[in-house]
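Me: Could you walk me through one part of this model in some detail? I'd like a close look at the helices in the middle of it and the loops that lead in and out of them.

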Amino acid sequence: MPDESVKVAVRVRPFNQREKDRSAKLIIKMQGQMTTIANPETPNEEPKSFSFDYSYWSHDGFQEKSDGVLEPAGGSSYASQRRVFEDLGQGVLDNAFEGYNCSLFAYGQTGSGKSYSMVGYGQNKGIVPITCDEMFKTMDKNADPNKRFEVTFSMLEIYNEQVRDLLSKDNPKGGLNVRQNPKLGLFYVENLKRVPVGSYAEIEKRTDQGTASRTVASTNMNATSSRAHTVVTITFDQIIKSESGSETKKSSVMNLVDLAGSERADSTGATGDRLKEGANINKSLSALGNVISALADLSMGTKKKIMVPYRDSVLTKLLQNALGGNSKTIMIAALSPADINYDETLSTLRYADRAKKIKNKAVVNENPLDKLIRELKEENERLKKAMEGGGVVMQEGAGLTPEELDKMRKQMEEDIRAQLMANQAMIAENAQSWDDKLAEARTETEKIDVGGADNSRKSKEAYLINLNEDPMLSGVICHFLNSGETSVGRKDASPVPNICLSGLSIQKQHAVIFNKKGVIEIESVSGSGSKTKINGIPLTGRKALCHKDRILFGSNHMYVLMNPLKPETADNSLPKEITWEYAQKEIAQVKGFATGSAGLSKEQQIVQEQVLEILPMVSEVNAVSEELNKQKSFEVVLISAAAQEGGDITQSHASKSKGLVHITRVTVKMKNLLNGNTWLWERGKFITRRYLIQELYQKFLDGENISNIPKEQDPFWEPTEDVLIGTSNLFLQSLSYCLDFEDTLNISDYKGQEEGHLKVKLEPCDNKGKPIDEEAFVDDPHDLLNKPYHFKLTVENANIHKSRFSKGIMVKYSVKNNGKVEEVKTPTVKNTLTPTFNHAKVISIPKLKQENLDFFESGCITLSIYGIQEDTMPDPKLLKLNTRELREASMYQDLRALTINQELRQMENMENSTANASGRRATMFGNEIASDTSHLKTEVVLLQRKYERLQQKERRMQQICEEWSKKPDGEKQFEPFYRAVSAVANSTGTRLKTRVQMLNQMLKLQKTVALPSYKDNSSPMLRLQKEAPGLQRQKTMDPSMLSQVLQGQKYVRQMALDKSDGKHAGDGDTISLFIFDENEHELAQEASQNNGVVDYHKVAHHHYPDLQLSKAKTDSVIEEKDGTQGDQDSFGSVDLEPYMNADPEDSADRSKRFTQNGNRTGLLSDINTKREVIKPARNAVSEYSANKKTPSKSNGKRPSSADNNKTESSACVVQ
């Protein structure tokens, strides 16, 4: 027969209730064989298209018949269960009758509808039951007396690379062995039970038996349905008798496979877990993907030599014939229609697209029956001789050691023995008549009680019905509550309980249920320590139960009480059908987690689902820890976006829609109950560990000694690692205006509780880290666009509250530096709770963009503070306690510590409410509160700067009005006055933001001293004006005074050199001015043309010494001599005249007070140094002033002090 490609169908289901609650959007469209999927994050992008053999639209357009069967509504393209069978199942059935092997497997993420298509639900039967039903109907129509049929049924489950027979109560430790037939090369499951069936009803009952077995295993934690593959194998034999009397058997094997959820194939965040490779959870699906890819390449001829990795997993071994072998294969891919599942759905479509390229070679399996028996006997004889001869003799020199040869020999002997037994079983099976085998099987089938078969009793008696995370396994197990007492416990109890449960936290005598004329009550067995929850609340004492109450026995056994005798006792707010999800939400609510979806964002809803998913897992792992006495406890921890590290300085609001921003992370904290060490596991890592813990617990149940396993292989053990103490959020709004910002930030843990404080500093700088001119302040952040931008983040010191973190503390954060994300880490400071880091990092943005400004305005850098943990020896008293006692003690300590902390905070708040302005700010609780406070502080700084500018503008307008009012009436011209006022009102003051060098004393000295040798070489920074009236130039000078003047000139020249080098010239002798005037533009041009110099008298009327300006800092406040307060960095706003005339002691005393109150000692030292340089010139000025007895009379009057100011302060420098 020519090669035949694997047929692939895709099917999209309706929205489920969860997706409806979240207002999910439809992303799948189908037209004919074409299926398209649209990316919800990029709606303008062209949808991706795929073509398959069948595209089934089952999302909407259906109506329900009276019997519950769904059918297409008028004119819709809805694909019903019957249509899917006719396209796919009927082909399987037809091929089976022709003698071909057939395989049908369903692929897709959990909840996408795989089981609905394969098995169905209620009256809407799936492909498997319809195929089986139609097969027996066709067999019943057979009228040929020379043809008879034999059908056998088997059902197995593959979980964690172990095979379990679902039709057998006894499964060996480690599961059934998978062996290879040496003759055919195919793999088979050794000792798998194959049950003869004679009708569809028998298959249905055996399917129910297998499903019940899956449910019990899932509840006992031996397996989890979403991670398990279910394989139903139906062997269909047609024995045809010829005219000569010989018989020929035409055999067909139908494999119907329901694969595990495909989303479990990835790591789900388990990257970096040391035990990730040890988990076999994802192995089967990963191996299946590799096999499909290899077969697709082989079929397309893209590669010449391809080894198909069938042996990589149990699943691919058993599907070897279905994929690339002797089989006609169909794959149905189940799709979720919701936008929240886009990634998984796209992955499923690509998987299916790859599978359709595979080609198989199917042949009819038809052989004479006598020949088959004869070949089996001949093979047995060969195997016996091989066993008698010591197996296969290995040749020496094959590069194997004697030990390896012996091991290989033993393995081959074991394989031969197993094959011999399998052949003998087949011979014995053929020797027994089919009718006898079928009769034995039917007798066994009739005795099967799956717990829920007696529907007639359900309307008359109270009963418990199970709930399972897999909807297909809910409602499978039913326990009727007889009148009187019904005991619940383990089967090894004496006497044996009426309801036997097994698994985690189930005690021998667990609980007793009382039924008195339809009134149901429950009570835990006293002294047993059993755990039972009613509607999410732990059971204490005796409690009456109502209709539809939810009961959780131990960790996993969830039941719903159905009481048809008292239906009125049910809560009216309950849904019509109680589901596993509803019961888990109820438990989460009791634990304090919000479960309502109203008003939640998409990200919040995802987090909510993850919490509901992981809560029962955490309870389960805690129960295992208690039972195995591992001295560990686990709890769910939500890490908010504000508490996560990794703030990116280039991130923008637009990035949120692309998923680039942090959302709340669901994690699990593991705590060592002996020494208090903690670990924070990502959700994916915990899920992987949970399955390894299940595997360890299964070994414990199987009787293995697990106490001696190496700690590296123990899923409960983890090497010590740095623990996250808390986070602080540093807001960047000040960077938008080129302002420095210094603050002491709260360190808050994931619960929002304060863990300490962190002092940080943020300042714009150049690319080498040198702070830029403070007058680089911009009024409009957009002025910074498309320019390089650099700023320095300094982590100065910290103060941590808890003493257990004294072993070592460090700070981490991530930023985007020069376009690359960079992880920054401070040095670790040990043996202190008050570490000093003084760690600075220069961060550069090559070209500032709007998204950077957006992030400056509303974003932050998250600083994560870590503590060093050590594996210290525990208190000897704690070693005497078991895990449960340790957990109770730990919970008590946590509660006590919380109470103490609350009292301390109340006291601290009372103290802060009466603290003075220089005291520490009130303690803030929670990341968001602390962050808001820090954000508001930066806004206060900016508003303060804007207020100061408006204050100067107002003063200038008052000045203009005052000057105009003093003019005689004849000189008052309104238009010039209006023009001047309007110019000030509309002026931004940003055209000429100036640092004015107060060189008045130096200029005064130069005007009065004759220095002919320097006349032509005077500093270009000085523009000498005409000699002021009343001043007479001194003709001679003492040589010592000349030396002093020369030193002063040297200082002036040095300022020019500093200016040319980009340095700050005379920071101590500057004032800050904003120009609000009509001539703002002209002054800016003059400053530009004259090397940054503007005559002081031109801007003197913009200088208001009585306005004490601040320089956008949040440091401690300093006091001036006159009692006013100003910022320690606001030297430019301080009138420097007293410094110029003060005696040395006064100057030293003032400098000392500045140093004590501030922390910028470097700048103060620089100011003092420059002050000493001009000291000789200042002394000369003082001497000249003392000698000057009488004013000049050149103009007939004595000049006023204001005139002196205007003439003596003749120049300023614009930076």
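Reply: Happy to. One cut-off will help us from the start: a residue counts as exposed when its relative accessible area is over 50%, as buried when that area is under 20%, and as partly exposed in between. Please keep in mind that this is a predicted model.

Let's begin in the loop between strand 32 and helix 12, where we find E577. Its relative accessible area is 52%, so by the cut-off above E577 is exposed. If you measure across to K548, which is 29 residues away along the chain, the two C-alpha atoms are 9.0 Å apart.

From that loop we move on to helix 12, which covers residues 580-590. Here the picture changes, with A583, Q584, E586, I587 and A588 all buried. What do the buried residues of helix 12 pack against? Their partners are strand 28 (532-534), strand 31 (550-553), strand 32 (557-562) and helix 13. Just past the end of helix 12 comes G592, with a positive phi of about 100°.

One of those partners, strand 28, deserves a short detour. The loop between strand 28 and strand 29 (537-538) holds N535. This residue is not a glycine, yet its phi is positive, at about 55°. N535 has a relative accessibility of 18%, so it counts as buried.

Now for helix 13, another partner of helix 12's buried residues. Two packed helices are described by the angle between their axes and the distance between the axes. For helix 13 (residues 602-628) and helix 14 (residues 683-701), the axes come within 10 Å and cross at roughly 35°. The crossing is left-handed. Which residues make this contact? Helix 13 brings Q610, E613, I614, M617, V618, E620, V621, V624, E627 and L628. On the other side, helix 14 supplies R683, F686, I687, R690, I693, Q694, L696, Y697 and F700. Sorted by class, that contact has 12 nonpolar, 5 charged and 2 polar residues.

If you are browsing the side chains, F686 is a good one to stop at. Besides being one of the helix 14 residues in the contact with helix 13, F686 belongs to an aromatic cluster: ring pairs link it with F634, W681 and F716. Across the whole structure, a search finds 21 aromatic pairs.

Next, follow the chain out of helix 13. N629 is in the loop between helix 13 and strand 33 (632-639). Its phi is positive, near 55°, and N629 is a residue other than glycine. Here the backbone recalls N535, which has a positive phi of about 55°. As for accessibility, N629 is partly exposed, with a relative accessible area of 35%, whereas N535 counts as buried.

To pull the walk together: the route starts at E577, which is exposed, and passes into helix 12, where A583 and I587 are among the buried residues. Those buried residues pack against helix 13 as well as three strands: 28, 31 and 32. Helix 13 in turn passes helix 14 in a left-handed crossing, and N629 sits in the loop that follows helix 13 on the way to strand 33.

Technical notes: Residues numbered from 1 in each chain as written. Predicted model: local features only at pLDDT ≥ 70, side-chain atom pairs only at ≥ 80, totals over all residues. Heavy atoms only, no water. Axes fitted to C-alpha atoms, helices over the stretch in contact; angles between N-to-C directions. Helix = DSSP H or I, 4+ residues; strand = E, 2+ residues; numbered from the N terminus. Left-handed = near helix turned anticlockwise from the far one by under 90°. Contact = heavy atoms within 4.5 Å. Nonpolar A, V, L, I, M, F, W, Y, C, P; charged D, E, K, R; others polar. Phe/Tyr/Trp six-rings, centres within 6.5 Å; stacked < 30°, edge-to-face > 60°. Buried < 20%, exposed > 50% of the residue type's maximum accessible area, 1.4 Å probe, protein only.
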